[in-house]
Amino acid sequence: HDSVLRFAIETASKPWPVPKSTLFKYEGHVAVQALHALSGSVWSVIVPVQLHPRARDAIGGKAHRILGYVMCVVSVAMMIGVALIDLRGLYYFEKDYPELDGTEESSRSCTDVWDVIF
């Protein structure tokens, strides 16, 4: 999928709204892309449907329940992706903000997560 996205960006007639470094920071890390990025996209689509009363009424109780289960599963998948990001050292500030040295507390979202957990 990286090559398709890269082609779309390079052939676009207008500037892309998201920096390339953000879009390709997990390039070559298929597990992270699937578990974190793809799951996050699915989760982001489901959340408004689950939370908006009219959307819930429109899809019905059974669909709402099924989407709730899907949301829980993709939430776990996203967190497994976060663990992979941490284990592989794929921190966002290194790709998105190379001018930062990584010591700023606001830039260290999960670099010390294992010290906190264990």
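This report walks through the fold, the charged contacts, the nonpolar core and a few individual residues of a predicted model.

## Overall fold

Let's start with the secondary structure. The chain contains 7 helices and 0 strands, so a listing of its elements from the N terminus reads α-α-α-α-α-α-α. The chain has 118 residues, and 24% of them are buried.

For a view of how the chain folds back on itself, consider the contacts between residues at least 6 apart in sequence: 54% of these join residues at least 24 apart. The accessible surface of the chain is about 8,200 Å². Carbon and sulfur atoms account for 65% of that surface.

## Arg6 and its two partners

If you are checking electrostatics, Arg6 is a good place to look. The whole structure has 1 salt bridge, and it is formed by the side chains of Arg6 and Glu27, with an N to O distance of 2.8 Å. The pair links distant parts of the chain, with the two positions 21 residues apart in numbering terms: Arg6 belongs to helix H1 (residues 2–11), while Glu27 is in the loop between helix H2 (20–23) and helix H3 (30–51). Side chains of opposite charge can pair when their charged atoms come close.

How accessible are the two partners? Arg6 has a relative accessible area of 27%, which means that Arg6 is partly exposed. Glu27 is also partly exposed, at 35% relative accessibility. Arg6 has an aromatic partner too: its charged end sits over the ring of Phe24, 3.9 Å from the ring centre. As for aromatic rings with each other, the structure holds 0 aromatic pairs.

## The nonpolar core

Which residues make up the largest nonpolar core? The core has 5 residues in all, namely Tyr26, Val32, Leu84, Ile85 and Leu90.

Tyr26 offers a handy way into this group. Setting aside residues up to four places away in sequence, Tyr26 touches Val32, Ile85 and Leu90, along with Gln33 and His36.

## Along helix H3

Three residues of helix H3 are worth a visit, beginning with Leu35. Leu35 is partly exposed, with a relative accessible area of 27%. Beyond its neighbours within four places in sequence, Leu35 is in contact with Ala77, Met78, Ile80, Gly81 and Leu84. The C-alpha atoms of Leu35 and Met78 are separated by 5.4 Å, although the two residues are 43 residues apart along the chain.

Next comes Ser39, also a member of helix H3. Is Ser39 buried or exposed? Its relative accessibility is 7%, so Ser39 counts as buried. Outside the range of four places in sequence, Ser39 touches Ala34, Val74, Ala77 and Met78. Ser39 and Met71 are 9.0 Å apart from C-alpha to C-alpha, with a sequence separation of 32 residues. Further along helix H3 is Gln50. Gln50 is a polar-named stop on this tour with a relative accessible area of 9%, so Gln50 is buried. Not counting residues up to four places away, Gln50 touches Arg56, Ile59, His64, Leu67, Gly68 and Met71.

## Two residues of helix H2

Helix H2 holds both Ser21 and Leu23. Ser21 counts as partly exposed, at 29% relative accessibility. What separates Ser21 from Tyr92 in space? Their C-alpha atoms are 9.4 Å apart, whereas the residues are 71 residues apart along the chain.

Leu23 has a relative accessible area of 28% and is therefore partly exposed. When neighbours within four places in sequence are left aside, the contacts of Leu23 are Leu5, Ile9, Trp16 and Val18. Leu23 and Ala37 are 14 residues apart in sequence, and their C-alpha atoms are 9.9 Å apart.

Conventions. Residues numbered from 1 in each chain as written. Predicted model: local features only at pLDDT ≥ 70, side-chain atom pairs only at ≥ 80, totals over all residues. Heavy atoms only, no water. Helix = DSSP H or I, 4+ residues; strand = E, 2+ residues; numbered from the N terminus. Buried < 20%, exposed > 50% of the residue type's maximum accessible area, 1.4 Å probe, protein only. Contact = heavy atoms within 4.5 Å. Areas by Shrake-Rupley, 256 points an atom, 1.4 Å probe, with all protein chains shown as cover. Salt bridge = Lys/Arg side-chain N within 4 Å of Asp/Glu carboxyl O. Core = buried A, V, L, I, M, F, W, Y, C linked by side-chain atoms within 4.5 Å. Phe/Tyr/Trp six-rings, centres within 6.5 Å; stacked < 30°, edge-to-face > 60°. Lys NZ or Arg CZ within 6 Å of the ring centre and 35° of its normal.
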